[in-house]
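Hi,

Here is the structure I promised to pass on. Please have a look at it below, and then read on for my notes.

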Amino acid sequence: MKKWSALLAVVLTASLALSACGSKTEAPKDGAAGANKPAAVKTVRLGIFKNVTHAPGYVALEQGLFKKYWGENVKIEVTPFDNGSDFSTALATDQIDLGFVGPGPSTNQFLKSKNFRVISGSNNGGAVLVAGKDSGIGSVKDLVGKTVAIPTKGSTNEISLRLLLKQNNLNVTTDKSGVQIIARAPADTLVAMRQKEIDATLIPEPWGTQMEQEGIGKVIATWDQIPPNNGNYPLTILVAGDKFLKDNRELAKGAIQANADAIDFIKKNPDKAYELINNQLKTLSGKGMDVALIKAAISHLNLTTDVSKEAIEEMARVSIEAGYIKDVKKEALDLSKFLDLSLLNEVKQGK
């Protein structure tokens, strides 16, 4: 009997220990029955840029569309980013669960970590090439011997610039024999253009429109002239970590639906959308923007959930040539696992 008592004590102790470790959710203090207990609150960590090209994400947040599809028991934690490199690192290291980013830096990071996926498009195009007012630049071919700024090294904008230069038989160099590329944050690029420290920039909207409206620059390649595909390339995509997709596919599907609804809302209610976008800009960056500037910028975007795998592969090959993607040869490039559009297809089919 003593042996059985001792064994029973061990079993009970182990059971209690497992129960204590099995959940961090506290039981309600009102003694309600299990069926009436509130569900555990889950936090979803969403990343997004402080840029108008992420407009669908802004509208989805302002309109409560994520909440609509995720439910009241999901807490949304939003982290704003200034560039795709920081965003992609955060996603790969499980600091965020999902969010909006450009294909350039996210592809570079995926080929290193292979632990997140593209689940939807959000915006195609929206970058322009702007030359300084007194730079003497009237076309892309005039960029020889000039300095051109891009938001960050390896960014989607740099990849587009390199493709544009290649189309015009121009080389990227570190001297005046070709085109020199430097990295500057968009706000710093605006200041540099005012002070004539750079000659041109390939930059996402609304910065190009703002430079033109201020009279310090002129657009020499409009958004629909920027490669690849004449502006119809993914500039903003929705990506999610593998762990999040494995454990929360319905939440990921809800994010895709929220993004799609936001795109539809912007197209059907543009005037209302401009205000919503401005509200979110204030929240994320601490300051808003002239609504007329937002309106001009949105007119240069092709908002869509579609994603071109071919365009992303073309940009990846440019990254390989530029040395941003290492240990991968262009002929061995395989991005088949980078895109998981199964949930997007379900949303489109109304499932």
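To begin with one pair of rings, F110 and F116 are both buried. Please keep in mind throughout that this is a predicted model.

**The chain overall**

The fold has 14 helices and eleven strands. The chain is 351 residues long, and 50% of them count as buried. If you take the contacts between residues at least 6 apart in sequence, 77% of these join residues at least 24 apart. About 16,800 Å² of the chain is exposed, and carbon and sulfur atoms supply 50% of that area.

**Aromatic pairs**

You may like the ring geometry here. There are six aromatic pairs in the structure. One of them is formed by F66 and W70, a tilted pair with 5.1 Å from centre to centre and 35° between the planes. Both residues belong to helix α3 (residues 65-70), where they sit four residues apart, or about one turn of the helix. F66 is buried at a relative accessible area of 2%, and W70 is buried as well, at 7%. The pair of F110 and F116 is edge-to-face, because its planes stand at 80°, with the ring centres 6.2 Å apart; the cut-off for that label is over 60 degrees. Ring pairs also link F49, F81 and F87 into a cluster.

**The sheet**

Six strands make up an open sheet with mixed pairing, in the order β2-β1-β3-β10-β4-β11. Its edges are β2 (74-81) and β11 (302-303), each of which pairs on one side only. Within the sheet, strands β1 (residues 42-49) and β3 (residues 98-101) run parallel and are joined by two bridges. G47 has G99 in β3 as its bridge partner.

**Helices α5 and α8**

Why is helix α5 described as largely enclosed by the rest of the structure? Nine of the eleven residues of α5 (residues 103-113) are buried, so the surrounding structure largely encloses this helix. Those buried residues are P103, G104, P105, S106, T107, N108, Q109, F110 and L111. Their cover includes α4 (84-92), β3, β4 (116-124), α6 (156-167), β10 (234-241) and α13 (309-322). So F110, from the edge-to-face ring pair, is also one of the buried residues of α5. After α5 comes K114, which has a positive phi near 50°.

In helix α8 (residues 207-214), the buried residues are W207, G208, T209, Q210 and M211. They pack against β5 (127-132), α7 (186-194), β8 (200-204), β9 (217-221) and α12 (291-298). Just after α8, G215 also adopts a positive phi, of about 85°.

**A helix crossing**

Finally, which residues meet where helices α2 and α10 come together? The axes of α2 (residues 55-62) and α10 (residues 249-268) come within 8 Å and cross at roughly 100°, which means that α2 is roughly perpendicular to α10. On the α2 side the contacts involve A55, P56, V59 and A60. Their counterparts in α10 are A258, N259, A262, I263, F265 and I266.

Happy to go through any of this with you.

Best wishes

Key
Residues numbered from 1 in each chain as written. Predicted model: local features only at pLDDT ≥ 70, side-chain atom pairs only at ≥ 80, totals over all residues. Heavy atoms only, no water. Phe/Tyr/Trp six-rings, centres within 6.5 Å; stacked < 30°, edge-to-face > 60°. Buried < 20%, exposed > 50% of the residue type's maximum accessible area, 1.4 Å probe, protein only. Pairing = 2+ DSSP bridges. Contact = heavy atoms within 4.5 Å. Areas by Shrake-Rupley, 256 points an atom, 1.4 Å probe, with all protein chains shown as cover. Axes fitted to C-alpha atoms, helices over the stretch in contact; angles between N-to-C directions. Parallel < 35°, antiparallel > 145°, perpendicular 65-115°, else oblique.
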